[in-house]
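Me: I should like a close look at one part of this model, namely a pairing of charged side chains. Please explain it in connected prose, and place it beside comparable features elsewhere in the chain.

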Amino acid sequence: MAAVLGSSGWWRRWWWRGLLTRDGSRMLLLLLLLGSGQGPWQVGAGQTFEYLKREHSLSKPYQGVGTGSSSLWNLMGNAMVMTQYVRLTPDMQSKQGALWNRVPCFLRDWELQVHFKIHGQGKKNLHGDGLAIWYTKERMQSGPVFGNMDKFVGLGVFVDTYPNEEKQQEAQKRRYSPGVQRVFPYISAMVNNGSLSYDHERDGRPTELGGCTAIVRNLHYDTFLVIRYVKRHLTIMMDIDGKHEWRDCIEVPGVRLPRGYYFGASSITGDLSDNHDIISLKLFELTVERTPEEEKLHRDVFLPSVDNMKLPEMTAPLPPLSGLALFLIVFFSLVFFVFAIVIGIILYNKWQDQSRKRFY
Ligand SMILES: *[C@@H]1O[C@H](CO)[C@@H](O)[C@H](O)[C@H]1NC(C)=O
Ligand SMILES: [Ca+2]
């Protein structure tokens, strides 16, 4: 099919539009046009096919959600299934909820489209804390990171609605330098091998792979997020302006994620709250061509990692002072101190001499 249709202009436009479409309706139209109900969905420059994977997807009516072992999705905490959405948390203090896929995902290249809604009574910056989308080794754990465990193993994408760090700095009467200020709500991503803690007080700044501002609360149109993982390239885009277009947020090459992890979504409220709703999660398998070199390069990994990852604020701790260094520092400090006192006495005497002279 790629060979036949690959170079024609109208077809390329279709691909592109398909790429920009999240609601499947146009996709269905195209599939009908192609006359194949289960046909592939072409998204790239002739080598990418996209299939919806029902076992990793969630949509209305939420029949596969429940507690049974036959359910595709399990709920946790305060999460509730409604007719039009799955509510992770209601707009009430100290709630947490999550939604986890029961089927591990063994796809190599995939795209997760998240249709979500965050809304509530709180005024600007008086709402929280946001929601997270997960692809992790563990599932159904509760904890402090948007309702999921800390030191998770895998990928976390956070839609953070409350600027903890900024509020703390304000309280201490300190100001951000403009270059480092992040405007909230803010989307960020983190890859963890289980060794890193998510720093809630700093909104994950020390461990973030990238991020962008995303004004997503209380909007009257639909808001979407897409997480695409192709050839170890992680791309996160959003459609939150009601324009039906994907806008870039995060792009990181060299992201190694093992297969067989679970998709999930979670949320937490504290003193501040919001309704955090998931309307749908659609996982597409992306079929991409790999050169033999890429095949070799993209072998399975057992721990998540990011190539050439320099965590900006993980500076190496200073080596402990050796005994000799400590001795020298103390010694020279003492020498300096004595020297300063001697100089001081000399100057004082001189000054006294002079003032005495002035008197006579
Ligand atoms: C886990 O990640 C940390 C921080 O990125 C790194 O220092 C450590 O070497 C990693 N551990 C393994 C076993 O790869
Ligand atoms: Ca926060």
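Which residue has a side chain that meets the side chain of R87 in a salt bridge, and what is the N to O distance?

Reply: The partner is D277: its side chain and that of R87 meet in a salt bridge, with 2.8 Å from N to O. The term denotes a side-chain nitrogen of Lys or Arg within 4 Å of a carboxyl oxygen of Asp or Glu. R87 belongs to strand β5 (residues 86-89) and D277 to strand β17 (residues 275-287), so this pair ties together parts of the chain that are 190 residues apart in sequence. Strands (E, at least two residues) and helices (H or I, at least four) are DSSP runs, numbered from the N terminus.

The structure is a predicted model, in which local features need pLDDT of at least 70 and side-chain atom pairs count only at pLDDT 80 or more, while totals for chains, interfaces and linings use all residues; side-chain values use heavy atoms, without hydrogens or water. Residues are numbered from 1 along each chain as its sequence is written, and chains are lettered from A and ligands numbered from 1 in the order in which they are written.

The surroundings of the two partners can be described next. R87 has a relative accessible area of 13% and is therefore buried; D277, at 2%, also counts as buried. Here buried means under 20% relative accessible area, exposed over 50%, and partly exposed in between (1.4 Å probe, protein chains only).

This bridge has counterparts, since a search of the whole structure finds 14 salt bridges. One of them joins the side chains of R290 and D109, again with 2.8 Å from N to O. This pair, too, links distant parts of the chain: R290 sits in the loop between β17 and α5 (292-297), whereas D109 sits in the loop between β6 (96-101) and β7 (110-119), and 181 residues separate them. R290 counts as buried because its relative accessibility is 15%, and D109 counts as buried because its value is 3%.

A further example is the salt bridge between E208 and R182, whose closest N and O atoms are 2.9 Å apart. E208 lies in the loop between β10 (186-193) and β11 (210-213), and R182 in the loop between α4 (164-171) and β10; these distant parts of the chain are 26 residues apart. Both E208 and R182 are buried. In addition, salt bridges with shared partners join E165, R202 and R205 into one network.

Charged side chains also serve as donors to a metal in this model. The calcium ion (ligand 2) is coordinated at 2.3 to 2.5 Å by D160 (OD, listed twice), Y162 (O), N164 (OD1) and D203 (OD). Donors are N, O and S atoms within 2.8 Å of the metal (3.2 Å for Na, K and Ca); water is not among the atoms, so sites may look incomplete. Along the chain, the donors of this calcium ion follow the spacing D-x1-Y-x1-N-x38-D. Among the coordinating residues, Y162 is buried, because its relative accessible area is 15%, and N164 counts as buried, because its relative accessibility is 10%.

To return to the request, the salt bridge between R87 and D277 joins strand β5 to strand β17. R87 is buried at 13%, and D277 is buried at 2%.
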